[in-house]
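Reader: I would like a close look at one small part of this chain. Please start with a single residue and its contacts, then show me what lies around it.

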Amino acid sequence: MLEQLKARGEAGGRARAERVARRLGEAVRERVPGVSVAVEGTRVTLSGRRLWRRWLADPALRWLGGLLR
């Protein structure tokens, strides 16, 4: 019984993390032009030209969690 409850909780948490990752990917696509976004499960990968320099200059890239509000 406890194992079933644990499995159900883990599945719910995983599903929630995947939904949040998709939301984050969509928010980055909308608000940060010139950056390509790949969402795979719970992983969000950003890529683009001179992304490191843009990360230093653009607070939206440094604080991605703020885009979820």
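Author: Start with Val32. Leaving out residues up to four places away in sequence, Val32 touches Arg54, Asp58, Ala60 and Leu61. Keep in mind that this is a predicted model.

Val32 belongs to the largest nonpolar core. That core has eight residues: Leu24, Ala27, Val28, Val32, Val35, Val37, Leu61 and Leu67. So Leu61 appears twice here, as a contact of Val32 and as a member of the core. Helix H1, residues 2-31, supplies the largest share of the core, with three residues.

Now move along to Val35, another core member. Val35 sits in the loop between H1 and strand E1, which covers 36-40. Is Val35 buried or exposed? Its relative accessibility is 10%. Buried means under 20%, so Val35 counts as buried.

What does Val35 touch, apart from neighbours within four places in sequence? The list is Val28, Leu46, Ser47, Leu51 and Arg54. Arg54 is a name you have met already, as a contact of Val32. Val28 is a fellow member of the core. Gly48 is worth finding too. Val35 and Gly48 are 13 residues apart in sequence, yet their C-alpha atoms are 5.0 Å apart in space.

Next, look at Arg50. This residue lies in the loop between strand E2 (43-47) and helix H2 (51-57). Arg50 has 58% relative accessibility, so it counts as exposed. Its backbone deserves a glance. Most residues other than glycine have a negative phi. Phi of Arg50 is positive, near 50 degrees.

Now step back to the chain. It has three helices and two strands. From the N terminus, their order is α-β-β-α-α. The radius of gyration is 15 Å, well over the 11 Å that the globule rule gives for 69 residues, so the chain is more spread out than a compact globule. Along the principal axes, the C-alpha atoms fill a box of roughly 50 × 20 × 20 Å.

How much of the chain is buried? Of its 69 residues, 14% count as buried. Val35 is one of the buried residues. The chain exposes about 5600 Å², and carbon and sulfur atoms supply 54% of that area.

Contacts and charges finish the tour. Take the contacts between residues at least 6 apart in sequence: 26% of them join residues at least 24 apart. The chain carries 16 positive and 7 negative side chains. The centres of these two sets lie 7 Å apart.

Note on methods
Residues are numbered from 1 along each chain as its sequence is written. This is a predicted model: local features need pLDDT of at least 70, side-chain atom pairs count only at pLDDT 80 or more; totals for chains, interfaces and linings use all residues. Side-chain values use heavy atoms; hydrogens and water are left out. Helices (H or I, at least four residues) and strands (E, at least two) are DSSP runs, numbered from the N terminus. The radius of gyration is taken over C-alpha atoms; the globule rule is 2.2 Å times the number of residues to the power 0.38. Buried means under 20% relative accessible area, exposed over 50%, partly exposed in between (1.4 Å probe, protein chains only). Contact means heavy atoms within 4.5 Å. Accessible areas come from the Shrake-Rupley method with a 1.4 Å probe; for residues, only the protein chains shown count as cover. Lys and Arg count as positive and Asp and Glu as negative; His and the chain ends are not counted. The place of a charge is taken as NZ of Lys, CZ of Arg, CG of Asp or CD of Glu. A nonpolar core is a set of buried Ala, Val, Leu, Ile, Met, Phe, Trp, Tyr and Cys residues joined through side-chain atoms within 4.5 Å.
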